[in-house]
Amino acid sequence: MDKDMSKLLSPGRSVLRNSLILGVFAICTVGVIAFIQQGTSERIAAEQQRMQMRALNEILPHDQHDNDLLEDSFMVADQSLLHLPAPATAWRARQQGQVIAVILPAVTLDGYSGRIDLLVGIRANGELAGVRVVNHRETPGLGDKFEVAKGNWIFSFDGKSLELPAPEGWAVRKDGGEFDQFVGATITPRAVVQAVRNALLYFQQHRAELLQLTDQEASHG
Ligand SMILES: Cc1cc2nc3c(=O)[nH]c(=O)nc-3n(C[C@H](O)[C@H](O)[C@H](O)COP(=O)(O)O)c2cc1C
């Protein structure tokens, strides 16, 4: 009778045992994936930070300011011109305490593959100190000519301002403007040019606050 009973119960036991093995296996797999994901996102964050620091130093090299840019950061929140989905870090460059330039984060969603993240350096006089793309998904070899390693295009912003070129010049040549498009790729440079001009407009509208001007300085500016 006992033998018969154990025979009857054994299929149930093996189902239970297999379920347990499967459960343990599933938990281990989830754990391994979570571990790998954690490591990967940490590496991506570290790489993005490294790129950001390099971009800051390229836009405003050490010899142009006497403060530590990384120690002189502040948050900006703007969706109308900078198109920031969340508040983001900006930086002030100083000489003897006076703000001589700012580096603003800017986003455009109009890239060929959507979002492109930029850093836009603007001197106190409203001239561009430099622009760098710090994050994008544009097509390699076609839509990524804004990268320093791929050419000089990104330097075409240096020294430009809202007045130079005039508003109609702030477009790619195909649209009647002054900025080259990329060979076979107009969408990306069009988006970047507009994003940079929008950052200049933001600077113009918030100049006193960004440069930490006194009321008197602001009224003369
Ligand atoms: C697979 C593929 C990838 C492309 N990637 C880009 C890109 O990253 N940036 C871009 O501006 N255009 C890209 N293009 C080209 C655009 O579709 C478009 O033809 C080009 O930007 C010219 O735009 P326009 O007609 O507004 O002048 C890509 C086209 C293909 C077929």
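Sorted by class, the shell around the ligand in this predicted model holds 4 nonpolar, 5 polar and 2 charged residues. The residues that surround the ligand are Tyr112, Glu138, Thr139, Leu142, Gly143, Lys174, Gly184, Ala185, Thr186, Ile187 and Thr188. One of these, Ile187, is also a residue of helix α2, which covers residues 187-205, and the helix may therefore serve as the next stop in a walk through the chain.

Helix α2 has 19 residues, which at 1.5 Å a residue should span 27 Å, and because its end C-alpha atoms are 27 Å apart, the model agrees with that expectation. The helix is mostly covered, since 14 of its 19 residues are buried, where a residue counts as buried if 20 or more other C-beta atoms lie within 10 Å of its own.

Strand β5, made of residues 128-135, is likewise mostly covered, with 6 of its 8 residues buried. Its partner is strand β4, residues 114-123, and the two run antiparallel, joined by 6 bridges. Within this pairing, isoleucine 122 stands opposite leucine 128 of β5. The two strands form a hairpin with 4 residues between them, and in its turn glycine 126 has a positive phi of about 90 degrees.

A second set of strands can be followed from β1, residues 73-76, which pairs with β2, residues 88-95, in the antiparallel sense over 4 bridges. Here serine 73 has tryptophan 91 of β2 as its bridge partner. Strand β2 pairs in turn with β3, residues 98-111, again in the antiparallel sense and over 5 bridges, and in this pairing arginine 94 stands opposite valine 99 of β3. The hairpin of β2 and β3 has 2 residues between the strands, and glutamine 96 takes a positive phi near 45 degrees there.

Some details of the backbone deserve a separate look, because most residues other than glycine have a negative phi, and most peptide bonds are trans. Histidine 83, in the loop between β1 and β2, has a positive phi near 55 degrees although this residue is not a glycine. Histidine 83 counts as partly exposed because it has 19 C-beta neighbours inside 10 Å, whereas a buried residue would need 20 or more. Glutamine 212, which is not a glycine either, has a positive phi of about 55 degrees, and its place is in the loop between α3 (207-210) and α4 (215-220). With 15 other C-beta atoms within 10 Å, glutamine 212 is therefore partly exposed. As for the peptide bonds, a cis bond with an omega of about 5 degrees joins leucine 164 and proline 165, and proline 165 lies in the loop between β5 and α2.

The view can finally be widened to the whole chain, for which the domain assignment gives domain 1, residues 1-59, and domain 2, residues 65-220. The C-alpha centres of domain 1 and domain 2 lie 43 Å apart, while 7 residues of domain 1 are in contact with 10 residues of domain 2. On the side of domain 1 that touches domain 2, the classes come to 4 nonpolar, 2 polar and 1 charged residues.

Conventions. Residues numbered from 1 in each chain as written. Predicted model: local features only at pLDDT ≥ 70, side-chain atom pairs only at ≥ 80, totals over all residues. Buried ≥ 20, exposed ≤ 12 C-beta atoms within 10 Å, placed from the backbone. Pairing = 2+ DSSP bridges. Domains from an automatic or database assignment. Contact = placed C-beta atoms within 7 Å. Nonpolar A, V, L, I, M, F, W, Y, C, P; charged D, E, K, R; others polar. Expected span 1.5 Å × (residues − 1). Near = placed C-beta within 6 Å.
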